[in-house]
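Student: Hi! Could we walk through this protein structure together, one question at a time?
Tutor: Gladly, let's have a look.

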Amino acid sequence: MDSVKQSAVSSKKSKLARTFAKVLHIRMLTGVSAVDGVEKGKRRTVVKNNNGAADSESDSFDCSDEDQQERGAMEAFLAKVFANITALKAAYAQLQYAQCPFDVDGIQVADRSIVSELKSLSELKRCFVKKQFDLLLPETAMLSAELVEQKSVVKMYEISVKKLNSQVRLKESEIIFLKEKLEEAKSNNKVLEKRMNQSGPLQNLHLSAINSNHLARVLRHTVKTVRSFVQLLIDEMKCGGWDIDEAASTIEPDIVYFKEEHKCFAFEAFVCRVMFEGFHFPNFALPNESLPPDKKQQTKLYLRRFAETKSLKSKQLLGHGHEPNSTFAKFCRVKYLQLIHPKMESSFFGNLSQRSLVSSGKIPETAFFARFADMARWVWLLHCLAFSFEPEASIFRVNNGCRFNDVYMKGVTEEVFILSTQPDLRVAFTVVPGFYIGKTVIQSLVYLSQQQQTSC
């Protein structure tokens with residue numbers, strides 16, 4: 001009994017396969033369009049008879065009207081099957097879309113559509129088994145099936161567009177959330193910076209209260225003002241027609257930078273070298289400046305200078321009733337003349353008027369000198385605080401070519417560790433010096449490279 005059933009099933013499957021093959025074969029031979037079922041062309045062949053004469057006869061099949069109707073009905077039936085399958089795919093896509101986010105009504109509608117399409121497929125199967133084909137107007141049936149199929153395809157595209165729009169809205173909400181987190185972080189940073197910049201904790205310091213955290217805090221502000229001045233310096237150089245690449249190579253030759261914008265660190269290193277020159281001396285860049293002979297008195301003097309300088313802006317320290325020949329004013333003038341070369345100033349401003357004013361003991365009232373004076377103020381504050389320790393803090397620089405050591409050094413940019421293809425990074429040059437306070441180390445900021453030097 002089972003063998004009979006299996007034979008019947010296999011017979012039906014083979015019959016269906018032969019029907020598909022027959023339809024496709026007829027299409028290729030007769031040139032029947034898949035859309036309208038109309039014969040598009042005929043092939044003619046030339047056959048020679050026994051006498052060598054050529055007889056022309058048609059290569060198309062001489063089908064009866066009944067065969068034509070059956071073939072058209074079969075093609076219309078297949079078009080309905082494919083249209084039904086496409087509609088089923090569209091309904092399933094709609095069901096998937098309704099599941100995320102979960103939409104009860106959408107799921108029910110999609111479920112009903114799937115059931116309806118499955119019933120239609122079942123009905124088509126029944127018609128095929130019983131050979132119940134619609135022999136009337138097969139062209140119209142095929143066009144109708146193609147229309148249904150195209151509508152289903154459009155529906156699937158619409159669902160895809162909806163999914164993409166949902167993803168876009170999700171990404172936009174994530175962007176808004178991240179922007180809010182960024183603004184919150186910025187607000188928190190401002191609050192923390194305001195607390196750090198409050199004059200009270202630094203102004204009212206006593207010898208027994210100062211520690212390495214105070215020096216690290218002042219150093220961060222110093223680095224910030226150095227970078228602000230360097231940015232202004234580079235902008236002025238660009239306006240003056242300077243070759244920034246050549247200038248960076250002159251400051252730090254034979255350096256391979258990971259990024260073009262990293263060349264600004266060469267200018268920061270140059271500015272720091274000039275501004276911190278003589279930092280280890282008690283009188284800094286003023287060799288003729290007298291100091292108390294007693295060490296404790298010197299410490300108290302530096303702490304008092306720190307408190308006085310911290311309470312005022314650089315513009316207030318250099319004018320408006322303050323002594324133009326004060327220690328800080330002298331320090332500013334000396335460092336300005338060391339840092340800004342006459343050719344540089346001439347290319348920036350077309351003259352040397354600022355240099356002349358500084359050399360004569362006066363203070364230029366320009367935005368450029370004001371930015372420089374703000375940087376000089378923080379370097380001065382750092383020196384005063386460093387010599388307020390007992391024993392005083394000492395400054396150090398890292399030699400070029402040294403192997404990177406995170407105890408004494410910190411990369412001026414973390415990108416180097418990501419962009420580097422070699423694990424053995426070495427110091428290309430020191431950007432900002434580091435400090436020793438007893439056994440405490442404040443790391444030096446260095447620019448790292450992959451050049452293989454062995455100086456230390």
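Tutor: A salt bridge is a side-chain nitrogen of Lys or Arg within 4 Å of a carboxyl oxygen of Asp or Glu. Keep in mind that this is a predicted model.

Student: Which residues are linked with Asp-245 in a network of salt bridges?
Tutor: A salt bridge needs a Lys or Arg on one side and an Asp or Glu on the other. The network that holds Asp-245 has these further members: Glu-260 and Lys-263.

Student: How many salt bridges does the structure hold?
Tutor: We will meet several of them one by one, among them a bridge between Arg-227 and Glu-268. For the structure, the count is seven.

Student: How far apart are the closest N and O atoms of Glu-174 and Lys-171?
Tutor: Both residues sit in helix α4, which covers residues 138-197. Because they are three residues apart in that helix, about one helical turn separates them. Glu-174 is partly exposed, with 37% relative accessibility. The cut-off for a salt bridge is 4 Å, and the closest N and O atoms of this pair are apart by 3.9 Å.

Student: How many residues apart in sequence are the parts that Arg-227 and Glu-268 tie together?
Tutor: These two form a salt bridge, with their closest N and O atoms 3.3 Å apart. Arg-227 belongs to helix α6 (residues 212-239) and Glu-268 to helix α8 (residues 264-275), so the parts tied together are apart in sequence by 41 residues.

Student: Is Glu-268 buried or exposed?
Tutor: Buried means under 20% relative accessible area. Its partner Arg-227 has 33% and is partly exposed. Glu-268 has a relative accessible area of 5%, so this residue is buried.

Student: Where does Glu-252 lie, the salt-bridge partner of Arg-273?
Tutor: The closest N and O atoms of Arg-273 and Glu-252 are 2.9 Å apart. Arg-273 is in helix α8, and the pair ties together parts that are 21 residues apart in sequence, so we look outside that helix: Glu-252 lies in the loop between α7 (244-251) and α8.

Student: Which of the two words fits Glu-252, buried or exposed?
Tutor: Arg-273 counts as partly exposed, at 31% relative accessibility. For Glu-252 the relative accessible area is 8%. The limit for a buried residue is under 20%, so Glu-252 is buried.

Student: What is the order of the strands in the open sheet that has antiparallel pairing?
Tutor: Strand β3 (residues 394-396) is joined to strand β6 (residues 434-437) by three bridges, and the two run antiparallel. Ser-394 stands opposite Tyr-436 there. Strand β7 (residues 440-442) also pairs with β6 in the antiparallel sense, again over three bridges. The order is therefore β3-β6-β7.

Student: Which strands stand at the edges of that sheet?
Tutor: An edge strand here has a single partner strand, so one side of it is left without a neighbour in the sheet. The strands placed like this are β3 and β7.

Student: Which residue takes a positive phi in the hairpin of β6 and β7?
Tutor: Across these strands, Ile-437 has Thr-440 as its bridge partner. The hairpin has two residues between the strands, and the positive phi, near 65 degrees, belongs to Gly-438.

Student: What is the order of the open sheet with mixed pairing?
Tutor: Five bridges join β5 to strand β8 (residues 444-449), and these run antiparallel. One facing pair is Val-432 and Leu-445 of β8. The sheet has three strands, in the order β4-β8-β5.

Student: Which element gives the largest share of the lining of the second largest pocket?
Tutor: This pocket holds about 390 Å³ of space. Its lining has 15 residues, and those nearest the centre include Leu-219 and Lys-410. At least two lining residues come from each of α6, β4 (409-411) and β7. The largest share is six residues, from α6.

Student: Is Asn-84 buried or exposed?
Tutor: Asn-84 is found in helix α2, residues 65-99. Beyond its neighbours within four places in sequence, Asn-84 is in contact with Glu-117, Ser-120, Leu-121 and Leu-124. Its relative accessibility is 8%, so Asn-84 counts as buried.

Definitions and conventions. Residues are numbered from 1 along each chain as its sequence is written. This is a predicted model: local features need pLDDT of at least 70, side-chain atom pairs count only at pLDDT 80 or more; totals for chains, interfaces and linings use all residues. Side-chain values use heavy atoms; hydrogens and water are left out. Helices (H or I, at least four residues) and strands (E, at least two) are DSSP runs, numbered from the N terminus. Buried means under 20% relative accessible area, exposed over 50%, partly exposed in between (1.4 Å probe, protein chains only). Two strands pair if DSSP finds at least two bridges between them. On a 1 Å grid over the protein atoms alone, a cavity is a set of points where a 1.4 Å probe fits but cannot get out, and a pocket is an open set with protein on both sides within 12 Å along at least five of seven lines; lining residues have an atom within 4 Å of a point. Grid points are joined across faces, edges and corners, and a volume is the space filled by probe spheres set on the points. Contact means heavy atoms within 4.5 Å.
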